[in-house]
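The exercises below concern a predicted model. Work through each task with the sequence and the structure at hand before turning to its solution.

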Amino acid sequence: MDRIKTLLQKLDLSALQGIEIGALDRPLVPKSQGRIFYVDFTDTETLRRNYTGHPYIRADQLVQVDGIWGRNTLREAAAAVAPADYVVASHVIEHVPDLIAWLGELRQVLKDDGEIRLAIPDRRYTFDYYRAETRLADVLDAHLFGARIPGSREVIDYVMNATPFDSTMAWNGGLPEVRRPWALQAARAVELARDVVDNKNYHDSHCWVFTPHSFASLMEMLAETGYLKLKCEWLQDTGRNQHEFFVAMRPCDDAQQVIASWRAAAGSVEAPEEKEQAAQAELERLRSRCGALEAERSQLTREVQALRTSSSWRLTAPLRALKRAFGQGAG
């Protein structure tokens, strides 16, 4: 099953009203496949100007934005179709400055039986590899300040620590070797952060960093503190040689159900340290097996050498030579 089918599984696109956030040039749900309303932080023309010349985004193929979030609430931006049956977003949640407010606004534009579907990058297999996973304190701090743009701290951390990365290498046990010069990156990071502080300008950054386990654990803590009223329907761990995981949520006002759902989700995926321990154990097992095979090879080599130096081997040498000669002649 490909990533889009995985993310949208069991959603009847032709019968449901959806909202897609940040579709850019690769919508999960094209207009031809269902009733979908595209929301972004600004209008299409501004996006086209911003992304002209971008190495990965085709500015001439951006979707036509239907609702502008910006400084509006999502309910205001999507008033034409809210409440909707579902909301989808791919690689958006890590960019939002106020995670708590963002999830709350998604809830506000959903029907009571609606769903949220998210594709989220896994730190272990992306350029966020060297960055620390998001803590509850980070999220609460951004919410306390009502962040509408990435903060100076997020910008500094992102610029200094985002690193060119080969996810296949990570899956095969290797570590990225390319690191950009710290001094140069620090200077650029401080320059952008100062622009955030002094001029309140927006600099796109990954504000939040997750693994499947850390995300589920963070959602559990948000639910325990009363900041989340969305339960986990399912969480699909990052697939082999992939760099993202998928999650589905539903509105739920029962705090205990919400907490239990995220606790179960966290328990269904390995914590990074557990996966590392399992990999280390497998490596030790393979090393032990290699050692045993090497010992067996050495023993067989000694036995063959002993046989070749024995008197019986020397006495039967003419017979073996005659056998080889007849065998060649018969061919």
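**Exercise 1: Strand E7 and its partners**

Six bridges join strand E6 (residues 230-236) to E7, and the two strands run antiparallel.

Task. Determine which residue of E7 stands opposite Lys231, which strand besides E6 pairs with E7, and how far E7 is enclosed by the rest of the structure.

Solution.
1. On the side of E6, Lys231 stands opposite Arg250 in E7.
2. A further partner is strand E5 (residues 110-121), which pairs with E7 in the antiparallel sense over six bridges. In this pairing, Ile120 stands opposite Phe245 in E7.
3. A residue counts as buried when its relative accessible area is under 20%. Seven of the eight residues of strand E7 (residues 244-251) are buried, so E7 is largely enclosed by the rest of the structure.
4. As background to reading such a strand, side chains in a regular strand alternate between the two faces of the sheet.

**Exercise 2: The packing of H9 and H10**

Task. Classify the relative direction of helices H9 and H10, give the handedness of their crossing, and list the residues that make the contact.

Solution.
1. Helix H9 (residues 212-224) and helix H10 (residues 255-268) pack with their axes 8 Å apart, at an angle of about 165°.
2. Angles over 145 degrees count as roughly antiparallel. H9 and H10 are therefore roughly antiparallel to each other.
3. The crossing of H9 and H10 is left-handed.
4. H9 contributes His213, Phe215, Ala216, Ser217, Met219, Glu220, Ala223 and Glu224 to the contact, while H10 contributes Val258, Ile259, Trp262, Arg263, Ala265 and Ala266.

**Exercise 3: The surroundings of Thr42**

Task. Locate Thr42 relative to the neighbouring elements, decide whether Thr42 is buried or exposed, and name the residues that Thr42 touches, not counting those up to four places away in sequence.

Solution.
1. Thr42 lies in the loop between strand E2 (35-40) and helix H2 (44-51).
2. Its relative accessibility is 12%, so Thr42 counts as buried.
3. Not counting residues up to four places away in sequence, Thr42 touches Leu47, Val65 and Ile68.

**Exercise 4: The protein as a whole**

Task. Summarise the secondary structure, the burial, the contacts and the exposed surface of the protein.

Solution.
1. The protein has 13 helices and seven strands.
2. Of its 331 residues, 42% count as buried.
3. Among contacts in the protein with a separation of 6 or more, 74% are between residues 24 or more positions apart.
4. The protein exposes about 18,300 Å², of which carbon and sulfur atoms supply 54%.

Key. Residues are numbered from 1 along each chain as its sequence is written. This is a predicted model: local features need pLDDT of at least 70, side-chain atom pairs count only at pLDDT 80 or more; totals for chains, interfaces and linings use all residues. Side-chain values use heavy atoms; hydrogens and water are left out. Helices (H or I, at least four residues) and strands (E, at least two) are DSSP runs, numbered from the N terminus. Buried means under 20% relative accessible area, exposed over 50%, partly exposed in between (1.4 Å probe, protein chains only). Contact means heavy atoms within 4.5 Å. Accessible areas come from the Shrake-Rupley method with a 1.4 Å probe; for residues, only the protein chains shown count as cover. Two strands pair if DSSP finds at least two bridges between them. Axes are lines fitted to C-alpha atoms, for helices over the stretch in contact, and angles run from 0 to 180 degrees between N-to-C directions. Angles under 35 degrees count as roughly parallel, over 145 as roughly antiparallel, 65 to 115 as roughly perpendicular and the rest as oblique. A crossing is left-handed if the near helix is turned anticlockwise from the far one by less than a right angle, and right-handed if clockwise.
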